[in-house]
Amino acid sequence: RETLEGVINARAKATQTTINAGELSTESMAAFKQAQDGLSSALSKLMVVVERYPDLKANQNFIELQAQLEGTENRITVERQKFNEAARQYNTYIKLFPKNVLANIFGFDTKPYFESQQGAETAPKVEF
């Protein structure tokens, strides 16, 4: 129960953390990354609990949860790549002449990339 509540709370925190494109900064990206890391940690604890209870592995609800988690991981990877590509294009755009002159005058700064924790680019291998 404690583990499940931890996952639910971490998921709620991760989904409530939003980043406003107009106020994108290294600090807001760090807060977003911290929320995402908390969710990953909670899910890892859930996998440990599942290993201890073999009956849970065969439960239809848990099987559906596994499928949803896999889909979520894939969507996160795709959106992370899209975000980083958009940030790269923006950063390149404001650095090229003559746009760099206008960017400096009007205070347009480079935007940070979304960087996940080491090893997060590959989904954890869960075998039952």
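What pattern does the chain follow, read along the sequence? Reading from one end to the other, you get α-α-α-α-α. Hi everyone, and thanks for coming. One thing to keep in mind from the start is that this is a predicted model.

Let's begin with the whole chain. There are five helices here and zero strands. The chain has 128 residues, and 18% of them count as buried. Its accessible surface comes to about 9,700 Å², and carbon and sulfur atoms account for 53% of that. Now think about contacts between residues at least 6 apart in sequence: 60% of these join residues that are at least 24 apart.

Let me show you two places where distant parts of the sequence meet up in space. Please find Leu46 in helix H2, which covers residues 26-52. Is Leu46 buried or exposed? Its relative accessibility is 9%, so Leu46 counts as buried, because buried means under 20%. Which residues does Leu46 touch, once we leave aside its neighbours within four places in sequence? They are Thr3, Val7 and Leu65. Gly6 is worth a look here too: Leu46 and Gly6 are 40 residues apart along the chain, and their C-alpha atoms are separated by 8.9 Å.

The second place is Thr26, which also belongs to helix H2. Thr26 has a relative accessible area of 57%, so it is exposed, since exposed means over 50%. Now look across to Phe114. In sequence, Thr26 and Phe114 are 88 residues apart, yet from C-alpha to C-alpha the distance is 9.4 Å.

Next, let's move to helix H4, residues 60-95, and talk about charges. Side chains of opposite charge can pair when their charged atoms come close. How many salt bridges does the count come to? The count is two.

One of them joins the side chains of Glu79 and Lys82, with 3.5 Å from N to O. These two residues are three apart in helix H4, so about one helical turn separates Glu79 from Lys82. Glu79 has a relative accessible area of 46%, which means it is partly exposed.

The other salt bridge joins the side chains of Glu85 and Arg88, at 2.5 Å from N to O. Here again both partners lie in helix H4, three residues apart, about one turn of the helix. Glu85 is partly exposed at 32% relative accessibility, and Arg88 is partly exposed with a relative accessible area of 36%.

Now follow H4 to its end and keep going. Which two residues does a cis peptide bond join? They are Phe97 and Pro98, and omega is about 5°. Pro98 sits in the loop between H4 and H5.

How do H4 and H5 sit relative to each other? Their axes come within 6 Å and cross at roughly 100°. Angles of 65 to 115 degrees count as roughly perpendicular, so H4 and H5 are roughly perpendicular to each other. You can see the meeting point for yourselves: Tyr93, Ile94 and Lys95 in H4 meet Lys99, Asn100 and Ala103 in H5.

My last stop is the surface around this region. Which residues form a nonpolar patch on the surface? The members are Phe97, Val101, Leu102, Ile105, Phe106 and Phe108, and together they have about 690 Å² of accessible area. You have already met Phe97, as one partner in the cis peptide bond. Phe108 is found in the segment after helix H5, which covers residues 99-106. Phe108 counts as partly exposed because its relative accessibility is 45%, which falls between the 20% and 50% cut-offs.

So, to recap: we saw five helices and zero strands, two salt bridges, a cis peptide bond between Phe97 and Pro98, and a nonpolar patch on the surface. Thanks for listening, and do turn the model around for yourselves!

Key. Residues are numbered from 1 along each chain as its sequence is written. This is a predicted model: local features need pLDDT of at least 70, side-chain atom pairs count only at pLDDT 80 or more; totals for chains, interfaces and linings use all residues. Side-chain values use heavy atoms; hydrogens and water are left out. Patches are made of residues with over 30% relative accessible area and no salt bridge: like charges are joined within 9 Å, nonpolar side chains (Val, Leu, Ile, Met, Phe, Trp, Tyr) within 5 Å. Accessible areas come from the Shrake-Rupley method with a 1.4 Å probe; for residues, only the protein chains shown count as cover. A salt bridge is a side-chain nitrogen of Lys or Arg within 4 Å of a carboxyl oxygen of Asp or Glu. Helices (H or I, at least four residues) and strands (E, at least two) are DSSP runs, numbered from the N terminus. Buried means under 20% relative accessible area, exposed over 50%, partly exposed in between (1.4 Å probe, protein chains only). Axes are lines fitted to C-alpha atoms, for helices over the stretch in contact, and angles run from 0 to 180 degrees between N-to-C directions. Angles under 35 degrees count as roughly parallel, over 145 as roughly antiparallel, 65 to 115 as roughly perpendicular and the rest as oblique. Contact means heavy atoms within 4.5 Å.
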